[in-house]
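Please open the model in your viewer and keep the sequence panel beside it. The tour below proceeds by selections, with a short account of what each one shows.

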Amino acid sequence: MNDLLPYRTMAYNNAWANHRLLTACLGLSSDEFTAKRTGFFPSLRATLNHILIIDHFYVDAMEGGTLGPAAWADQEPCATVAALKQAQATVDGRLLKVVEALDSAGLQRIVSVHRGTSIQRERMDRLLLHLFQHQVHHRGQAHAMLSGTSVSPPQLDEFFSAGEAPLRAAEFAELGWTEEQVWSGS
């Protein structure tokens, strides 16, 4: 395994998990999507929008941008699951492009994260790991919230097991991916 593969596969797994979770959420009524629930954020809509805006914040920084706190000026930019699914897919695609463009030196590159009153400087590899952890944490909360609705939460805890490739083949086709692409980075 090369030093880039774990970051690439995590970026693909992140996009796939978002796709699975948001596809399931399309089955929610508007009331279920916005209903008050137990979690760090008070609803599925708030939790999933939080993932989106923080992804915008960090991906912009990784791309060399200066969006900073403007990323969360609107805490819930997407009112519907359909809008959220499309916006999340877009930022997930941007993250994939960032990771696919990396080389070993790129993992060590210092990223400037504009925090409003200061600029945090962080290595790309550390920032990617931080972002993946953030996404997993809040997706887990959304997953738990979803279990209290009429929609069964999708399985998100498998990491692309080889033996389960046939189970995700249709979703990979929807996303335009192949197993080879995910595991080779090409």
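Begin by selecting glutamine 88, which in this predicted model is buried, with a relative accessible area of 2%. Glutamine 88 belongs to helix α4, residues 81–100, and if you display its surroundings while leaving out residues up to four places away in sequence, you will find that it touches Asn18, Leu22, Leu48, Ile51, Leu52 and Asp55.

From that list, move on to aspartate 55, a residue of helix α3, which spans residues 44–62. Is aspartate 55 buried or exposed? Its relative accessible area is 1%, and because buried means under 20%, aspartate 55 counts as buried. Leaving aside neighbours within four places in sequence, aspartate 55 is in contact with Asn18, Asp60, Gln88, Val91, Asp92, Leu131 and Gln135. Add leucine 131 to the selection and draw the C-alpha to C-alpha distance between it and aspartate 55, which comes to 7.4 Å although the two residues are 76 apart in sequence.

Next, look at the largest pocket, whose volume is about 200 Å³. It is lined by 14 residues, and those nearest its centre are Asn13, Ala17, Val136, Arg139 and Leu156, which make a convenient selection for centring the view. The elements that give two or more residues to this lining are α1 and α6, and α6 gives the most, with six residues.

Now turn to the aromatic side chains. How many aromatic pairs does a search of the whole structure find? The search finds ten. Select tryptophan 16 and phenylalanine 160, whose rings form a tilted pair with 5.1 Å from centre to centre and 50 degrees between the planes. This pair links distant parts of the chain, since tryptophan 16 is in helix α1 (residues 5–25) while phenylalanine 160 is in the loop between α6 (124–146) and α7 (165–175), 144 residues away. Both partners can be checked for accessibility: tryptophan 16 counts as buried at 4% relative accessibility, and phenylalanine 160 is buried with a relative accessible area of 3%.

For another ring geometry, select phenylalanine 40 and phenylalanine 41, whose ring centres are 5.1 Å apart and whose planes stand at 70 degrees, so that the pair is edge-to-face. Here phenylalanine 40 counts as exposed at 61% relative accessibility, whereas phenylalanine 41 is buried with a relative accessible area of 16%.

Return to phenylalanine 160 and inspect its backbone, where phi is near 50 degrees, a positive value in a residue other than glycine. As a general background, most residues other than glycine have a negative phi. Then widen the ring selection to Tyr12, Trp16, Phe159, Phe160, Phe172, Trp177 and Trp183, which ring pairs link into a cluster. One of these rings, that of phenylalanine 172, has the charged end of arginine 168 sitting over it, 5.6 Å from the ring centre.

Arginine 168 and phenylalanine 172 lead on to α7, where they are buried together with Ala165 and Glu171. These four cover an arc of only 120 degrees around the axis, which puts them on the same side of α7. What do the buried residues of α7 pack against? They pack against α1 and against α8, residues 179–184. Rotate the helix to see the face turned away from this buried side, which carries the exposed residues Pro166, Ala170, Ala173 and Glu174.

Finally, follow the chain beyond the end of α7. Glycine 176 comes after the helix, with a positive phi near 80 degrees, and threonine 178 lies in the loop between α7 and α8. At 42% relative accessibility, threonine 178 counts as partly exposed. As a last distance to display, threonine 178 and alanine 165 are 9.7 Å apart from C-alpha to C-alpha, with a separation of 13 residues in sequence.

Notes: Residues numbered from 1 in each chain as written. Heavy atoms only, no water. Phe/Tyr/Trp six-rings, centres within 6.5 Å; stacked < 30°, edge-to-face > 60°. Buried < 20%, exposed > 50% of the residue type's maximum accessible area, 1.4 Å probe, protein only. Lys NZ or Arg CZ within 6 Å of the ring centre and 35° of its normal. Arc of directions from axis to C-beta. Contact = heavy atoms within 4.5 Å. 1 Å grid on protein atoms, 1.4 Å probe; cavity = no way out; pocket = protein on both sides within 12 Å on 5 of 7 lines; lining within 4 Å. Points joined across faces, edges and corners; volume = space filled by probe spheres on them.
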